[in-house]
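This briefing sets out selected local environments and helix packing in a predicted model. The points are grouped by topic and are to be read alongside the structure.

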Amino acid sequence: MQKILLVDDDADTRMILQEVLEYSEFQVLSAIDGEESITKVQNENPDIVLMDIAMPKMNGLEAIEKIRQFSKVPVLIITAFQKVQYVDQLKKLNVQGFFQKPLNPVELIDRITALLQK
């Protein structure tokens, strides 16, 4: 079973996405901020990371920058912000996709599946 690390400080978002991902037969790990996501990537070796941007302690972009120092794990952004604000940063961090909340679960699962088949 493939592991997905879901990183979001909003409990409702984590719960809904976890249900969608588990229904699609993924094992879901979760983290509530950027700091915790770094530890989980190091210790759990997920197949994909779904990362929010705005979080306490360390935002998602800072966390991805640190994760990139030791891992090439595919990262998909899930955020309420618009992509245009972050285009340059996302390219530098080699982010594989961007989803604006509220997101379409079918599109998210399709993108995850495509990434895992590479």
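Leaving aside residues up to four places away in sequence, D33 is in contact with V7, M55, P56, K57 and M58. D33 itself sits in the loop that runs between β2 (27-31) and α2 (34-44). The points below begin with this residue and with D8, then turn to two helix pairs, and end with P46 and Q89.

**Aspartates in loops**

- The relative accessible area of D33 is 4%, which is under 20%, so D33 counts as buried.
- The side chain of D33 makes a polar contact with the main chain, reaching the backbone nitrogen of E36 at 2.8 Å.
- D8 lies in the loop between β1 (3-7) and α1.
- With a relative accessible area of 0%, D8 is buried.
- A polar atom of the D8 side chain is placed 2.8 Å from the backbone nitrogen of D10.
- When residues up to four places away in sequence are not counted, the contacts of D8 are T13, R14, A31, I32, D52, M55, I78 and K101.
- M55 is listed among the contacts of D33, and M55 is also listed among those of D8.

**Packing of α2 with α3**

- The axes of α2 and helix α3 (residues 60-67) come within 8 Å and cross at roughly 25°.
- Because this angle is under 35 degrees, α2 is roughly parallel to α3.
- The crossing of these two helices, α2 and α3, is right-handed.
- On the α2 side the contact is formed by G34, S37, I38 and V41, and on the α3 side by A63, K66 and I67.
- Sorted by class, the residues in the contact of α2 with α3 comprise 4 nonpolar, 2 polar and 1 charged.

**Packing of α1 with α5**

- Helix α1 (residues 11-23) and helix α5 (residues 105-116) have axes that come within 11 Å and cross at roughly 55°.
- This crossing angle makes α1 oblique to α5.
- The crossing of α1 and α5 is right-handed.
- From α1, the residues L17, V20 and L21 meet P105, L108, I109 and I112 of α5.
- The class count for the contact of α1 with α5 is 7 nonpolar residues, with no polar and no charged residues.

**P46 and its surroundings**

- P46 belongs to the loop between α2 and β3 (48-51).
- Its relative accessibility is 6%, so P46 counts as buried.
- Although P46 and L5 are 41 residues apart in sequence, their C-alpha atoms are 6.0 Å apart in space.
- L5 is also one of the residues that P46 touches, together with K3, K40, V41 and V73, not counting residues up to four places away in sequence.
- V41 thus appears among the contacts of P46, and V41 is also one of the α2 residues in the contact with α3.

**Q89 in α4**

- Q89 is located in helix α4 (residues 87-92).
- Its relative accessible area is 38%, and Q89 is therefore partly exposed.
- Q89 and D12 are separated by 77 residues in sequence and by 27 Å in space, C-alpha to C-alpha.

Terms used: Residues are numbered from 1 along each chain as its sequence is written. This is a predicted model: local features need pLDDT of at least 70, side-chain atom pairs count only at pLDDT 80 or more; totals for chains, interfaces and linings use all residues. Side-chain values use heavy atoms; hydrogens and water are left out. Helices (H or I, at least four residues) and strands (E, at least two) are DSSP runs, numbered from the N terminus. Buried means under 20% relative accessible area, exposed over 50%, partly exposed in between (1.4 Å probe, protein chains only). A polar contact is a pair of N or O atoms within 3.5 Å; within protein, one must be able to donate a hydrogen and the other to accept it, and residues adjacent in sequence count only if both atoms are side-chain atoms. Contact means heavy atoms within 4.5 Å. Axes are lines fitted to C-alpha atoms, for helices over the stretch in contact, and angles run from 0 to 180 degrees between N-to-C directions. Angles under 35 degrees count as roughly parallel, over 145 as roughly antiparallel, 65 to 115 as roughly perpendicular and the rest as oblique. A crossing is left-handed if the near helix is turned anticlockwise from the far one by less than a right angle, and right-handed if clockwise. Ala, Val, Leu, Ile, Met, Phe, Trp, Tyr, Cys and Pro count as nonpolar, Asp, Glu, Lys and Arg as charged, and the others, Gly among them, as polar.
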